[in-house]
Amino acid sequence: MPRRQARPIRSLPGVFLMTDERMGEALWEALARLPRGAGVVFRHYQLAPVERRALFERIRRVARRRGLLLLLAGSPRLASAWKADGVHGRSPHRIVPRPLVRTAPAHDRAEWIAAERRGCDLAFVSPLFATRSHPGQPSLGRVRAGLMVGSDPSRVVLLGGMTQARFRSLRSMGFLGWAAIDAWTLLHPSCRT
């Protein structure tokens, strides 16, 4: 089967918010802090299906009003049914309903190669630095992340302990952007864009 053609990089955001349950009400302030045209990866895996859908719909209204790209962590079928802009995950499906943006996590070289083979538009390489959401997990650091993605870092969004300042120090390596949870909450007011 031919490899899916990824969409042009210039049409993809370079800044993302990753949502999760521990954000609580800080989620709404984090969404307000995102610059127009940024992206949101809606996760909230632990919520019951009805509650997850209701929260997704609330976020979708905010995303439409603010011009944010909204990706649903889950299956392409669910992302399409929920009218997300894209899907995030390790789905083995090569066929994703257009015009969904498709992204995948990449914690090691094998996951990076799998995302490339599926023609994902972006890969979230993580954890770059130590992070509260995965305490004790070893981080990649800039050198290992660079080696992992090889000569094509242009479709990489860095995740894990990321802030705008940290991304600025890595931008010369060719990475597209960065994603975070804490950098968008009140926990880190110095990380505003």
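Which backbone nitrogen does a side-chain oxygen of Asp-108 reach at the start of α4? The partner is the backbone nitrogen of Ala-110, to within 3.2 Å. A polar contact is a pair of N or O atoms within 3.5 Å; within protein, one must be able to donate a hydrogen and the other to accept it, and residues adjacent in sequence count only if both atoms are side-chain atoms.

This is a predicted model, in which local features need pLDDT of at least 70 and side-chain atom pairs count only at pLDDT 80 or more, while totals for chains, interfaces and linings use all residues. Residues are numbered from 1 along each chain as its sequence is written, and side-chain values use heavy atoms, with hydrogens and water left out.

**Overall arrangement**

The chain contains six helices and eight strands; helices (H or I, at least four residues) and strands (E, at least two) are DSSP runs, numbered from the N terminus. Along the sequence they follow the pattern β-α-β-α-β-α-β-β-α-β-α-β-α-β. Of the 193 residues in the chain, 52% are buried, where buried means under 20% relative accessible area, exposed over 50%, and partly exposed in between (1.4 Å probe, protein chains only). Among contacts (heavy atoms within 4.5 Å) between residues at least 6 apart in sequence, 53% join residues at least 24 apart.

**Three helices and their buried residues**

| Helix | Buried residues | Packing partners or cover |
|---|---|---|
| α1 (26-33) | Leu-27, Trp-28, Ala-30, Leu-31, Arg-33 | β1 (15-18), β2, α2 |
| α2 (residues 49-66) | Arg-52, Leu-55, Phe-56, Glu-57, Ile-59, Arg-60, Val-62, Ala-63 | includes α1 (26-33), β2 (39-42), β3 (69-73), α3 (76-81) |
| α4 (residues 109-117) | Glu-111, Trp-112, Ala-115, Glu-116 | β5 (101-106), β6, α5 (141-149), β7 (156-159) |

Helix α2 has 18 residues and reaches 25 Å from its first C-alpha to its last, close to the 26 Å expected at 1.5 Å a residue; the expected span is 1.5 Å times one less than the number of residues. Gly-67, with a positive phi near 70°, follows α2.

In α4, the buried residues are Glu-111, Trp-112, Ala-115 and Glu-116. They lie on the same side of α4 because they cover an arc of only 140° around the axis, the arc being that of the directions from the helix axis to the C-beta atoms. Ala-110 and Arg-117, on the other side of α4, are exposed. After α4 comes Gly-119, whose phi is positive, near 75°.

**The nonpolar core**

A nonpolar core is a set of buried Ala, Val, Leu, Ile, Met, Phe, Trp, Tyr and Cys residues joined through side-chain atoms within 4.5 Å. The largest one has 61 residues, and those with the most contacts inside it are Phe-16, Leu-31, Leu-34, Ile-59, Val-125 and Leu-158. Helix α2 supplies the largest share of this core, five residues.

Leu-31, a buried residue of α1, touches Leu-17, Val-40, Ile-59, Val-62, Arg-66 and Leu-68, not counting residues up to four places away in sequence.

Val-125 is found in strand β6 (residues 122-125) and counts as buried because its relative accessibility is 0%. Leaving aside neighbours within four places in sequence, the contacts of Val-125 include Ala-106, Trp-112, Leu-140, Met-148, Val-157 and Leu-158. The C-alpha atoms of Val-125 and Pro-153 are separated by 9.9 Å, although 28 residues apart along the chain.
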